[in-house]
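Colleague: Hi! Could you walk me through this one? I'd like to start with the metal site and then look at the strands.

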Amino acid sequence: MAPLPISSIRVGQIDDVQELIKSKPNKVPERFIREEYERGVVVSSLKTQHLHHQIPVIDLSKLSKPQNDDFFFEILKLSQACEDWGFFQVINHGIEVEVVEDVEKVAKEFFDMPLEEKKKYPMEPGTVQGYGQAFIFSEDQKLDWCNMFALGVHPPQIRNPKLWPSKPARFSESLEGYSKEIRELCKRLLKYIAISLGLKEERFEEMFGEAVQAVRMNYYPPCSSPDLVLGLSPHSDGSALTVLQQSKNSCVGLQILKDNTWVPVKPLPNALVINIGDTIEVLSNGKYKSVEHRAVTNREKERLTIVTFYAPNYEVKIEPMSELVDDETNPCKYRSYNHGDYSYHYVSNKLQGKKSLDFAKILN
Ligand code: OGA
Ligand code: NI
C-alpha cells in the first residue's frame, strides 16, 4: 500500500455499515445493492466437498525437517496449490494461538467502539490507511458491506503514527507482536515457495530488500439481504503473499474464483489462509497464480478478518525471474516495473477482479 497524496476525489456519502444496521436493521441502501451479474454463481459447500473442491491444506510441521519424504511431498503439494488454486491454508504454522486470539480481540474491540472514536483515524478519500472504505473513487461507485481499518506496519517509514489508535489501550502492542510473527511466517513461506519453483531458498528474500508489510482488518456486520450485497468486491491482491486470519468460529465468507465459479473457503480451526499476490504471479512468469477472490456476508453472523499484505520494498524492480523464463518454451509474459509504481497503480484504482495486473502484462 504505497502512500498517496491526499486528493480531492468526490466519493459521495459513505454510510458506515455498523451504524446502518443499528438504526435500520432491515434496510439495505441502494448504493450497496449489486447488479445480478456481480453476485455470481457459488458452489454450495456440500457439492464443494463432494467435488474435492476445497483449497489445499499445507502442514508446515512437515516442512521443518528438510530433505525427508514428508518434506518433498509437502513441497509438491504447495507447488500444486500455488499453480492450481493460488490459495492454501496452513496448519501447524507455529504461531501461538494466544497471539492470534489477542489481535483478534483488540481488532473486535476497535470495531465495537463508538463511531466518533473510530473517526479519529479516518481513511481519507484516495488513501488506504485508517478507518473507512478503501478503493472508492466516485460518487456512484457501489459500496462494500464492510468496515475496514488498515495500517502500514513495516518499514517504519510507511507508518502513519496518527492512525495508530490509542484505544483499545493494547491495540498497538498486540498488533506489533502479531505482525512480527506473521513477518517471519511470510519469510518462511517464501523460502518454501522458492524451493517449490526450483530456485535457491533465499531468492525472494534477497530480492525483496526490506519488505513492506501492511495490515487490513475487515469487519463484515450481518446483512438482512446478503444476496444483494458483497462484503468485499472481487479482486486479486497486489502483494507478494497475503496472510488472512478469520475470526474464531467464523462463518464462510471468503470465496475464490475457480473455473468461473465462486468456491467458498471453509475456515479450519487454527489455520491461516495464504494467497499468492500479483507480485509472485509476475516473478514466477505466471506459473503461480494470483487468484481473484471476494467476500460475502451472512444474514445472522458478523465476520472479522485480519489480513496481512507482504510485498517487496517499493524500490525493487519486478520482472519475471530469469530462471523461470525461456524464450522458446516459456516466453516472458510481464514487463519489468518498479514495485512502488505498481503499488501506487493498485491503490489508485477501484477493485475490479484482476484488472490491476494489466499494468504489467505484455499483450501480444
Ligand atoms: C482482502 C481480502 C477477504 C476477507 O482483504 O484483500 O481478500 O475474507 N479479504 O476478508
Ligand atoms: Ni484480497
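Colleague: What spacing do the donors of the nickel ion (ligand 2) follow along the chain?

Modeller: Happy to help, and keep in mind that this is a predicted model. The donors of the nickel ion (ligand 2) follow H-x1-D-x55-H along the chain.

Colleague: Nice. Which atoms coordinate the nickel ion (ligand 2)?

Modeller: H235 and H293 each coordinate through NE2, and D237 does so through OD. The distances are 2.1 to 2.2 Å. D237 and H293 link distant parts of the chain, 56 residues apart. D237 sits in the loop between β6 (232-235) and β7 (241-246), whereas H293 belongs to strand β11 (residues 293-295).

Colleague: Is D237 buried or exposed? And why?

Modeller: D237 counts as buried because its relative accessible area is 3%, and the cut-off for buried is under 20%.

Colleague: And H293, buried or exposed?

Modeller: H293 is buried too, with a relative accessible area of 6%.

Colleague: Okay, what stands opposite H293 in β11?

Modeller: That would be I256. Strand β8 (residues 254-258) runs antiparallel to β11, and 3 bridges join them.

Colleague: What strand order does that open sheet have?

Modeller: The order is β6-β11-β8-β9, so you have an open sheet of 4 strands with antiparallel pairing. β6 and β9 (261-264) stand at the edges. Each of these has a single partner strand, so one side of each has no neighbour in the sheet. From one strand to the next, the twist averages 25 degrees.

Colleague: Switching topic to β7: how many of its residues are buried?

Modeller: 6 of its 6 residues are buried, so β7 is mostly covered by the under 20% cut-off.

Colleague: Which residues of β7 point which way?

Modeller: L241, V243 and Q245 point one way, while T242, L244 and Q246 point the other way. All of them are buried, on both sides of β7.

Colleague: What does β7 pair with, say in β10?

Modeller: β7 pairs with strand β10 (residues 272-276) in the antiparallel sense, over 4 bridges. L244 has V273 as its bridge partner in β10.

Colleague: And how many bridges join β7 to β12?

Modeller: There are 6 bridges between β7 and strand β12 (residues 303-311), and these two strands run antiparallel. If you want a pair to click on, Q246 has T305 as its bridge partner in β12.

Colleague: Great, thanks, I'll go and have a look!

Notes: Residues numbered from 1 in each chain as written. Chains lettered and ligands numbered in written order. Predicted model: local features only at pLDDT ≥ 70, side-chain atom pairs only at ≥ 80, totals over all residues. Heavy atoms only, no water. Donors = N, O, S within 2.8 Å, 3.2 Å for Na, K, Ca; no water. Buried < 20%, exposed > 50% of the residue type's maximum accessible area, 1.4 Å probe, protein only. Pairing = 2+ DSSP bridges. Axes fitted to C-alpha atoms, helices over the stretch in contact; angles between N-to-C directions.
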